Amino acid sequence: MLLKLDPSRVTGVFEKKEIQPNLRLLRLIAPDAREFAIVGDASTTYDAIAAEIGVELTQVQGFKARFIASPRLSEIVEALKAFTGRYVFLTTMGAVSDETGRTLPLAETLRAVTHAGDFVVFSMEDAYLIEGVMGGFVTSGPSHGRTAAGLLLRHLNGASLKDLPPVQDSPNVYMFDQGQLNRAGLGLPEPIARRAQLFNIQPTFYEANRALILTALYTLGAAAVLALLLVYWANLQKNRKLAENAKTLRESEDRFRRLSELSVEGLIINRKGMVLDSNRSVEEMFGYSHDEFKTVTPATVIAPEYMSVVMDHIQKDQEDPYEVVGVKKDGSRFPIEIRAKMIDIEGDPVRVSCIRDITERKKTERRRETDARRLRRLLELNRDAVRLDESELLKRALDIAVDVTASKIGYLHLVNADQKSLTLSTWNDEALKGCTAPYDTHYPVEHAGVWADALRLKQPVVHNDYPTLETKNGYPDGHFPVLRHMSAPVMDGDRVRLIVGVGNKDEPYDDIDIDELQRVADEIQKFVERRRVELALRERTSELVRAKEIAERAKEDAERAQEETEKASRAKSEFLSSMSHELRTPLNAILGFAQVLDVNPKEPLSPEQKLAVHQITKGGKHLLSLINDVLDLARIDAGRMDLSIEDVPMGPLFDECRALIDAMAAPRAIAVRFASPAVGRVRADYTRIKQVLLNLLSNAVKYNHDGGRVDVVCELLDGGMARVRVTDTGPGIAEDKQAEMFQPFSRLGAESGTIEGTGIGLVIARQLIEAMGGTIDFTSRPGKGSSFWFDIPAVDRDGGAAAPSPLDAAADDTPLGHGVAGRIVYVEDNPANIALMQSILRHIDGLELTAVHTAELGLEVIRTERPDLVLMDINLPGMSGIEALARMREDETMKDIPTIAISAAAMPSEVQAGLDAGFLAYLTKPFNVAEMLGVIKDILAGNR
C-alpha cells in the first residue's frame, strides 16, 4: 500500500517565506510604494511564516505592512476591501474555508482574494501562479514534495531517521505571469528580468501549435528519409535509364530537402564517412552552408576528446542517444545529443543521424546541481555558525561562493557606512597563496579598480576578458593574477553592505554563475547580521544578568537597611511609648492633686500656697505639652502622621485662631490684628494648618514686648500659592542664631530666660507644612521684630470674609420641603466636617443626624438604628468607606439602605470607583450645599 504513494502529492515540508526579495522587487517596479498587505490562512504554518516575516521586516525601512489572516474567506475579503494600499503578498492559503466550514480549493480562494480590490498580487509560493496573481520571489518548487515523499517512504519501509538526509531548503526564484504583468501595466527591471522565469507568455503561432507542428515535422522527416531510401532502392533495383533515374533522384532529393528543412532537429545522412545530405537546422547549428556541410567529417564538428565516443557508437551501430560536445565553424563549443540509425538499402548502408542542441537542458541541469550544492553548503554553514567568529564565518561563506561558481580565487569586502571606502576583510586560501603585498583595511573606492564596479554600479559585474581591460588597476605587484572576474553586491535599500568577488574560472562566467554568486552573497549578509544580532543579544543578556545580580544585591542591602531602620523605628517607638506612659502616670497625679488643692473649699489655700499650686499646675501643663510635641515629632519622623487634605476656608480658620490667641495676648496688652484674607480656600489638613498657625501666633505673642503688635495676613502669590504671614514687633533674632531656627530643641538662647518652650514647635511646623505641599521660612531684624510665613496651595481668591453659614447659603433656595423627614448617619473622622454637617441640618425640621468617626463604629450604628440614609466619607482611619459599603451590601439588614459618598478624593477615576462600588451619588469636598440637600431630598422622597 505504501509503495503506491504518489510522491508528487506529498507536501508538508516547512518553507521559509522570504519577504525582503519581494520588497526589493516592489521598490524596483513601483518606487513610490510604501504600504502592502500580507495575507494568510491563520494556520499554525501561517503563524510560523508570519513570525519569520516579522523578523525580516525589522531589517527593512520605509514600508508599512498589514497582516491579514483568517481561516474564513469572507473575513479575509472584508479586510482586503478596507485595505487602502494596492500591493498584496500571499503566504500559505490552504486552510481557508467558507461560512459552512468547507475547505475551499486554492483557485477559488485566490479568485476571491484577487477580486476584492484593484490589487497587484505577489506570490511567495509558485503554487499561486494562477490567474489574478502576478508572481514574485517564490520559495517552493515541485521537487520539494517529491523529496519529502521519498524520505517518508524510506522511513516507513524501515530506514532510521538518523540515516535520512535532511530536506534541502526550497529553491528561491523569481516567477511571474506575463499576462498579469501586462494587465497591471508593470515591467520587470533588468536585474529581475535577467533572472526571472515567466509563465503564461503570450505564445507565437509556433509555440501555440508546437506539438502539432513537431509531429508533422517528424512525420514528414521520417517520410522524407523513407522516400529517399525508396528512391535509392528503386534506383538500384530497377537500374533503369540513367536520365530517368537521375530525374527521379533529383525529385526525391528535392522532396526530402523541402521536408527536412521543416524539422527543428539537425538531420544528417552519410555513407562511409561522407555526408550525403543535411537539413538547414544542423547547418545553422554548426554555422556551415549547405555545400560546406557536405565537406565536414566527424572530426570537424566533434570536440577531439569526444571523438572516441562517436567512433565507438558508429563502429558498434549503437542506436541509443548519447551526449558529446560539438564544435561550431567559429570554434565555439556546445553540448549536443546524437541519435543515429543504420539503414541498409540494397546492401549499401546509410547512417541517418538526428542532432539536438542541448545547451539549455545542460544549463537547467547545471543550475539544479549548483543550487543543490549551494543549499547543502549553506545548511552546513548554518549548523556551524554558532561556533564561528565573524572572520571564520566570512571565510567559510566565501569558500561556498568560490565552489558553486567553479572559481579558483575569491574575496569578500565589507562596505563602510560612508559608501566611499571598503574594509578589506577576507580572501580564500588560493588567492592568498599568490598574494605577498600588504593591504590597508580601509580602502578608498576611488582608488579601486574594476573589481569594485559592483559597488559603483550597485549590480553584479562580469569580466570574462579581464587581461584586456584597460582600467583594471587595483591589483598591483604582489597580488594574485586574474584571468576572469565576477563580483556581486548585497544591497540594503540603495546602500551596499558588502561585495563578494570570484575569479579564474576555467570557462567564461555565465548567467548561472551570476545568479549563484548573488544568492550566496545575500545569504552571507544574513549570516553576518544574524551573528551580530546573536552577539548583541548575548552581550545584552550578560549585561542583564550582571544588572540583575547587582539589583539583587542592592535589594538585599536595601532590605537589610530597611529591616535595620524598622528595627530602630520600633525601638524608638517603644521607648517613646514607654517614656510617655512613665511620664504621664506621675504627671496625672501631680496635676490632679494640684487641682484638688486649688478647689478644696474646706481647706482653702493661703495666697502663698495658692501661688505655689499655680506654679505646680503651670509646670505640669508645660511638661505635658513637651511630651505631646515630642510624640508628634516622633510620629512625623516615622512617617506615620496621617493627613486629610481638603479645601480649608481661610476666613473661618482666622476666626478660630483669633479667639484662641486673643486670650493669650490680652494680659500683656498685645494687639493681634487679622487682615481679611485675599485667598478664599487652601488645600491642607484643617487640624494641622491650624496647629501651625497657632504655633506661629503663640511664638509671636510669647517673644513680644508688652503692648506690642502682631499682624496676620493671607495673600495670593504667583504660581497658585497662598502665603500666610505672622509679623511681630518683638526683639528679633540675632543673625548668628538664625541658622539654628528649625533645629530640634534649639531655643536660640531663650532657654536661659523666663519664657517657656520646648524648642521643637517650629520643627514640627516645617515638617507639617512640607507634608501638605508647602514651604515655611522667616525673616528677622534684631530690635525690629520677626516675620514668619508659610506658603500653601491656594484653591480660589474669593475674599477673606468668614465663610457664610451653610444654612445661610441655602436659605433662599433650600431643596428640602415640608414633609421630608428621616434619620441620617454621617460617617466622618474630621470634626470640622462633622460640625459643618450638623450646622447645615440642625435647623431643618424632620431630620435627625448621628455622626460617627470610624467605619467600624458606623456599621454598628447603621445595623442598630436602620437609618433612612447614610453619608459616608471614603478616606477613614481603619476601614475605608468603599470597604464599609461592601460590608453593608453583604448584610441583609443594611444592604438596601441608600448611601451617598462625600469625600475629598475628587479625581475622576476615584469618583467612578465609588459609583462602581454602589454609592447612589458621589459628592466631592468642598460640596455644593444646595446640590447636597437636593440629593438628600430626592433619596428621602424615594425619587432615587
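## Charged contacts and buried strands in a predicted model

Helix α19 spans residues 511–599 and includes Glu552; helices (H or I, at least four residues) and strands (E, at least two) are DSSP runs, numbered from the N terminus. The structure is a predicted model, in which local features need pLDDT of at least 70 and side-chain atom pairs count only at pLDDT 80 or more, while totals for chains, interfaces and linings use all residues. Residues are numbered from 1 along each chain as its sequence is written, and side-chain values use heavy atoms, with hydrogens and water left out.

Glu552 has 38% relative accessibility and therefore counts as partly exposed. Here, buried means under 20% relative accessible area, exposed over 50%, and partly exposed in between (1.4 Å probe, protein chains only). Glu552 also belongs to a negative surface patch, together with Glu549, Glu556, Glu559, Glu563, Glu564 and Glu566. Such patches are made of residues with over 30% relative accessible area and no salt bridge, like charges being joined within 9 Å and nonpolar side chains (Val, Leu, Ile, Met, Phe, Trp, Tyr) within 5 Å.

A salt bridge is a side-chain nitrogen of Lys or Arg within 4 Å of a carboxyl oxygen of Asp or Glu. By this rule there are 46 salt bridges. Three of them are listed below.

| Pair | N to O distance |
|---|---|
| Glu529 and Arg497 | 3.2 Å |
| Arg673 and Asp711 | 2.9 Å |
| Asp791 and Arg723 | 2.7 Å |

The pair Asp791 and Arg723 links distant parts of the chain, with Asp791 in strand β25 (residues 785–796) and Arg723 in strand β23 (residues 721–728), 68 residues apart. Both Asp791 and Arg723 are buried. By contrast, Arg673 counts as partly exposed because its relative accessibility is 46%, and Arg497, at 27%, is likewise partly exposed.

Strand β3 (residues 87–90) is covered on both faces: Tyr87 and Phe89 are buried on one side, and Val88 and Leu90 on the other. In a regular strand the side chains alternate between the two faces of the sheet. Strand β3 pairs in the parallel sense with strand β1 (residues 35–40) over four bridges, and with strand β4 (residues 120–123), also in the parallel sense, over four bridges; two strands pair if DSSP finds at least two bridges between them. Tyr87 is the bridge partner of Phe36, and Val120 in β4 is the bridge partner of Tyr87.

In helix α23 (residues 761–771), the buried residues include Gly761, Leu762, Val763 and Ile764. Just after α23, Gly773 takes a positive phi of about 85°.

Technical notes. Accessible areas come from the Shrake-Rupley method with a 1.4 Å probe; for residues, only the protein chains shown count as cover. Lys and Arg count as positive and Asp and Glu as negative; His and the chain ends are not counted. The place of a charge is taken as NZ of Lys, CZ of Arg, CG of Asp or CD of Glu.
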